[in-house]
Amino acid sequence: MYKKAINLIFLVLWFCGFSQSEKNSFESKYTIGLDDPKLVSFEKKYAKITNEVNAKYSSQVKKIYKSRHDDFLKSIKDSDYVFNDYLQKYLENILHEIKEKNKTINDIEIRLFVNREYEANAYSLGEGTIGINLGLITCLENESQLAYILCHEIAHILLDHSEIDLHSYLDLINDKNLKKDIKTALRNEYGANAEVLKILTSHGLKENKKSRIQEFQADSLGLLLFQNTSYHVLESIRSMEILDSVDINIASSEIRKNLNSIKFPFKNQWLQDEDLISLKQDYEDRMLEDSMKTHPDCKKRIKKIFYLINKNKAIDQDLSLNAQINYLRFKNIAEREIVKGCIQKKNYSMGLYFALCLLNKYGKDSDFTIGAIGDILNKCYYAQVKHELGKSLLRPSNDYHPNINEINYFFNNITLSEIGKINYYFLKNNLVSTSEESYYQYYVACDINQKYPEKEDAKMEYLRLFPNGKYVKQFNLEQKDD
Amino acid sequence: MTRKIKLICIGLLLGFAHFGSSQNTQFSGIVKYSSKGSGVIEENNDISGYYFFYKTDKVDRKNNMYRLDVVDKNLNNAGSKDFVDSKNLLLLDAVYNGKAMLFKFADVKTKELIFRYIDNKGIQFKEERTVIESKSDLMMFYYEDTYSPYKNLYSIKDKGFVTYGTKDYKKDGYYIKYMSSNKDSKGWTYVSEEDAEQFQTSVYFGCNDNVLISLVSKRKKYLSRDVDMFLVGHDVNSGKKMFETKVENNEFEYLPTNSFVDKNTNQTYIFGTYFKKGDNIIKDNSLGFFTAKITNNGIVSGYKYISWDVDMKKYLPVNDKGKVDGLGYLFVHDIIRDSKGNVLIVTESYKKAVSGVGIAAAALNGGSGPAINFVTNDMVVLELDKTFGLVDAKVVDKSKNRYLMPEGSAFWDVQTMAYYMKSMGAFDYRYTTSNADNSNINIAYVDYNKKEMKGSYLGVISYKDSKMSVDKVSLEVKKADVDYMPAKVGFVAITEYRKKEKTLDVRMEKLNY
């Protein structure tokens, strides 16, 4: 109890001191050159595995390798990944711990990349590249949970699942009997498509079943690797529980409270929902869906993991305070990067949602959040003027969690001028003296709302507070044009 | 994988997961795109969703497997139905009344209309089949479309649906078929008298909580322009004929064209044009617009008039024949009452003009009569207050569009010409949508403006809380065929088809006002 109280005090103090040191941690890049050591290693690996191809269908294998290689490089070029020193070092430390405690995998080359996606996921590309989504980092609670997920992905590499899948796929598409069956089915005058669908579904179901078995295998081997580390072994189960409920436990953005102001109160009609027609799925369709899944049910996975856990290892240990603080910092960077990723990819619905959640979690003094919200709403305004905002928004749907749908309905109902006004008052009431972005976005919002004297004041204040800020050049150019 | 197998797999994938719930809905592997077999599901004046109907397989010599995909008003997948039916099946229309959807099919071989009722849980709870006896009804199959002039399926909120048809008597008659969306109720059909002395046709006019009103035209000869118009009322629930009323009095002749219902009082109002006593309501020029009340027993009263030469002249430079200087005549597309009780009359100006190109062609071919262009011009929205007094006429700029009229049309009167061109889709007006309480009304039209909009655009006149604004949504995108679909009020649905990539993107765009 005493120990927990001390931990809590330290955590509170950490939050207070955090904002001062956060800036350096947040210098991120969104692409790297081909001369980056990770990509050099990636290219070498692909060259090696391509040269070593000596299997059935070798030309097809090489073609697939090339396609994977090119797709990955394109995703680097398209800024799908974030390159942040703090994030990277944190992950490398986890990897180092796993390798240190599992000498058999020491020689395995593994390259870790952080994907900017907000969905909770991680993946292995088979040749040593592992992608960890920002969304996974933010939904987990501590380093141990992330370490288990990493062990799971490493297990996929060790079990060569990617190669097995590749050859299984090639066996399927080169299967003369399958081609013959499909051609025969197509020659049927009647029921041709139904017959083809039956054949393909049957094969699809088999492939998905294999995939589910592979996931169980990766869980088991991953657990073995994990149990050798000094991480808390029961966190493997907790990580599964979190992933199982990730679509249910979605926090409220509290949009009404956050965007309300005295001079421009939040209107109830902005959150007015709609009656949407819907045809319910047949029971048979739902059953088919389960067998179409590539991953087994999380509850089944938890059961198997629990059975496999070495109970002797599962000692009751608290995670160290340092570990907790470091994970919180790591998570905070990931949370911000998610918002930046949404803005960059023009997914304004989710960008606003995550930014408002950050506002709820860390308050208004953050030098990031206010500016991000202002940026999103200004971009929404300009996109709406051109009737292109629809490309950047999610549409209201009964498939979304109500807390996400709330954002969707907000954009569904608010008018163009109301977007401009709500942002203007939001920024005016929440300017942060350490946030150049908030001042710049306020300047833009003043322009949108034709508040020209205030616009000029906002510009002067920006130049005073941030004489070396990133928008100084733009202001100087505007002055020259004037 | 052979190309054919690949296409099938793509098609099957489409069947499984071709709707996303992300920003855009994208269809891929589109080899050929056509809007036939798809349409909107209307609910009163608003859009509830869309349907896509297509063949997925041949089952046997006589039957195909079909899939009906339904998408909600936000373009999210709302479910699919697979069923086996005749290979001669066409889907004509779909409507929603708040409780059930009705899909109207036709079997062109057995000459049957098939009505399938689907409830809010996607379960088909009723099916009705009617043999089509009339030749003219059979012809209409190929023209029926949700937003075409031949729309012939209407929803009655929370109660049922109604459709109209022809009876091939010695002198053609009509039938009114009311279909209840109550699972246990059969609905009713009214058939006009077989031995009537006049040719009769009927169309939907309006419906309040109790009475369904149809507009019936009667004429002695098939092509005669001496036509009498009647309002015929039936009790919605029982089908009992309540009245057959000719709108007339000692003062004027009347042509009713539209109706609207005051939802608070259940009072039905009729609207149309009025003429000098003794004039022909089809051929002659009108004197202006009229409104009146009609009771559930068919008694018409409370006439109010908006004359060209007195009332309209305060707002537009119009002569006593209704021709607006610089614009032409006004064709009424729709009439709607907003949430504050004010009435909007949606019109589009038009006129006839001699065609230079047509004259040359006629001279070469030895044609008769001057060649005539039908010219559409600006949109004009007439605003009436709660007492049906004209309070404003708002002109919305639009380009002039010209259509060459058929030979001999120089001798047509202007009204006939307008109705003919409406049937040919010549007007630029496209649709009106409104929300449940009519506090938000959108009136859409198409136009082309190179300078301001860089080409084609969809113009939308919006009345939100009785305030008018005009928005323009460009239909020009590089390397894509851009089109639009009617969408829920406040929005347009934009489609971008890229032939090279074989993709079709559909997205919702909000209007600005």
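**Warm-up.** How many salt bridges does a search of the whole structure find over all chains?

*Solution.* Keep in mind that we're working with a predicted model. The search turns up 48 salt bridges over all chains. The next exercises pick out a few of them.

**Exercise 1.** Work out where the partners of the A:Asp244 and A:Lys299 salt bridge sit, and how exposed each one is.

*Solution.*
- Start with the distance: the two side chains meet at 2.8 Å, N to O.
- Next, place them: A:Asp244 belongs to helix H10 (residues 235–244) of chain A and A:Lys299 to helix H13 (residues 298–308) of chain A, so the pair links distant parts of the chain, 55 residues apart.
- Now the exposure. A:Asp244 has 27% relative accessibility and counts as partly exposed, because that class lies between the 20% and 50% cut-offs.
- A:Lys299, with a relative accessible area of 54%, is exposed.

**Exercise 2.** Do the same for A:Arg464 and A:Glu461.

*Solution.*
- Here too the side chains form a salt bridge, at 2.8 Å, N to O.
- Both residues are in helix H20 (residues 452–465) of chain A, 3 residues apart, which is about one turn of the helix.
- A:Arg464 comes out as exposed at 56% relative accessible area, while A:Glu461 is partly exposed at 26%.

**Exercise 3.** Over to chain B: which strands does the salt bridge between B:Asp82 and B:Arg67 tie together?

*Solution.*
- The side chains of B:Asp82 and B:Arg67 meet at 2.8 Å, N to O.
- B:Asp82 is in strand S5 (residues 77–86) of chain B and B:Arg67 is in strand S4 (residues 63–72) of chain B, so the bridge ties together parts 15 residues apart in sequence.
- B:Asp82 is partly exposed at 45% relative accessibility, but B:Arg67 is buried at 15%.

**Exercise 4.** Which strands stand at the edges of the open sheet S10-S11-S12-S13 in chain B?

*Solution.*
- Read off the order first: 4 strands, S10-S11-S12-S13, with antiparallel pairing.
- S10 (153–156) and S13 (188–191) of chain B each have a single partner strand, so one side of each lacks a neighbour in the sheet.
- From one strand to the next, the twist averages 20 degrees.
- Inside the sheet, S11 (residues 160–167) and S12 (residues 173–180) of chain B pair over 8 bridges, with B:Lys167 opposite B:Gly173.

**Exercise 5.** Describe the hairpin formed by S27(B) and S28(B).

*Solution.*
- The two strands run antiparallel and are joined by 5 bridges; one bridge pairs B:Thr432 with B:Ile443.
- There are 5 residues between the strands, and B:Asn438 in the turn has a positive phi of about 60 degrees.
- As for cover, 5 of the 6 residues of S27 (residues 429–434) of chain B are buried.

Definitions and conventions: Residues numbered from 1 in each chain as written. Chains lettered and ligands numbered in written order. Predicted model: local features only at pLDDT ≥ 70, side-chain atom pairs only at ≥ 80, totals over all residues. Heavy atoms only, no water. Pairing = 2+ DSSP bridges. Axes fitted to C-alpha atoms, helices over the stretch in contact; angles between N-to-C directions. Buried < 20%, exposed > 50% of the residue type's maximum accessible area, 1.4 Å probe, protein only. Salt bridge = Lys/Arg side-chain N within 4 Å of Asp/Glu carboxyl O.
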